[in-house]
Amino acid sequence: MDQVKQSRRIRAYDGELGAAVARAQEGDEVAFAVAYRIVQPGLLGYLRALVGNDAEDVASDAWLEIARDLGRFNGDGAGFRGWTVTVARHRALDHLRRQRARPRAGGAEQDLLHLPAPHDTHDQALESLSTEQALEMVRALPRDQAEAVLLRVVVGLDGPAAARALGKRPGAVRTATHRGLKRLARQLGVGAEAEAGVTNEASHTLGKST
């Protein structure tokens with residue numbers, strides 16, 4: 001998919017989302033439902049990688065907190081997506097702690113901060129998969145890679161927002177995303193360029209309907 005068109009579509013989603021959130025903060029319940037419709041698919045895909053079949057329950061808890069604290073949110077559409085991920089991730093980690101199961105630790109913070117030049121390996125890899133198949137393959141990645149790929153590719157957060165949600169440095173998130181997408185490309189046998197590296201600017205948002 002053309003990355004310029006995809007970027008424009010993401011901006012359009014964020015514009016619609018920001019307007020809906022602003023109206024929801026004024027008490028418009030229909031607008032809140034619009035914000036939910038935009039955010040929920042990607043958020044649910046992310047949570048499924050963390051808590052499996054309990055994702056919908058965790059998402060419900062997260063949305064209750066989001067609705068309760070909506071008046072305190074200050075930001076645009078992209079910021080709202082980042083905030084919802086942070087809330088949902090906290091709820092997911094609480095859930096895992098209750099089950100005495102913790103996510104695996106992330107990669108080393110001193111990993112490469114600069115990645116190879118952009119090309120379309122990750123686009124080819126992800127376009128080879130259906131949404132459910134893609135999520136299953138992403139869930140099989142090491143935890144730090146899975147979370148980074150899901151936040152960048154499925155939820156659609158930019159690098160700094162994903163880093164804030166994960167409590168990591170942007171360089172570590174870029175590296176984890178790079179490694180996860182490279183591993184997916186290798187598993188799919190996508191071109192020799194899979195060995196050369198992939199862009200850190202993931203542009204697909206699998207959770208959004210087309």
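**A buried salt bridge and the helical core around it**

Good morning. I begin with one residue: E147 has a relative accessible area of 5%, and it therefore counts as buried, the limit being under 20%. Please bear in mind throughout that the model is a predicted one.

What does E147 pair with? The partner in its salt bridge is R89, and the closest N and O atoms of the two are 2.8 Å apart. Since E147 sits in helix α7, residues 143-155, and R89 in helix α4, the pair ties together parts of the chain that are 58 residues apart in sequence. Is R89 buried or exposed? R89 is buried, at 13% relative accessible area. As general background, side chains of opposite charge can pair when their charged atoms come close.

Let me now place this pair in the overall fold. The chain has nine helices and zero strands, so that from the N terminus on every element in the order is an α. Of the 210 residues in the chain, 50% are buried. If one takes the contacts between residues at least 6 apart in sequence, 74% of them join residues at least 24 apart.

I turn next to the packing of α4. In general, two packed helices are described by the angle between their axes and the distance between the axes. For helix α2, residues 29-51, and helix α4, residues 77-98, the axes come within 10 Å and cross at roughly 35 degrees. The crossing of α2 past α4 is right-handed. Which residues meet there? On the α2 side they are A35, V39, L43, Y46, L47, L50 and V51, and on the α4 side F80, R81, T84, V85, A88, R89, A92, H95 and L96. Sorted by class, this contact has 12 nonpolar residues, two polar and two charged. R89, the partner of E147, is thus among the α4 residues that meet α2.

Several of these residues return in the interior. The largest nonpolar core has 54 residues, and Y46, L47, F80, V85 and L151 are those with the most contacts inside it. The elements that give two or more residues to this core are α1 (3-24), α2, α3 (55-69), α4, α6 (131-139), α7, α8 (159-166) and α9 (170-188). Which element gives the most? It is α2, with 12 residues. V85 may serve as an example: leaving aside residues up to four places away in sequence, V85 touches L43, Y46, L151, V155, L157 and A165.

Finally, I return to the charged pairs. How many salt bridges are there? The count comes to nine. One of them joins D69 and R72 at 2.7 Å, N to O. The two partners sit in contrasting surroundings: D69 counts as buried, at 10% relative accessibility, whereas R72 counts as exposed, at 66%. Another salt bridge joins the side chains of R23 and D28, at 4.0 Å from N to O. Here R23 is partly exposed, with 37% relative accessible area, and D28 is likewise partly exposed, at 30%. Beyond such pairs, a network of salt bridges links E65, R91, D94 and R97.

To close, I return to where I started: E147 in α7 and R89 in α4 form a salt bridge, and R89 also takes part in the contact of α4 with α2. Thank you for your attention.

Definitions and conventions:
Residues are numbered from 1 along each chain as its sequence is written. This is a predicted model: local features need pLDDT of at least 70, side-chain atom pairs count only at pLDDT 80 or more; totals for chains, interfaces and linings use all residues. Side-chain values use heavy atoms; hydrogens and water are left out. Axes are lines fitted to C-alpha atoms, for helices over the stretch in contact, and angles run from 0 to 180 degrees between N-to-C directions. Helices (H or I, at least four residues) and strands (E, at least two) are DSSP runs, numbered from the N terminus. A crossing is left-handed if the near helix is turned anticlockwise from the far one by less than a right angle, and right-handed if clockwise. Contact means heavy atoms within 4.5 Å. Ala, Val, Leu, Ile, Met, Phe, Trp, Tyr, Cys and Pro count as nonpolar, Asp, Glu, Lys and Arg as charged, and the others, Gly among them, as polar. Buried means under 20% relative accessible area, exposed over 50%, partly exposed in between (1.4 Å probe, protein chains only). A nonpolar core is a set of buried Ala, Val, Leu, Ile, Met, Phe, Trp, Tyr and Cys residues joined through side-chain atoms within 4.5 Å.
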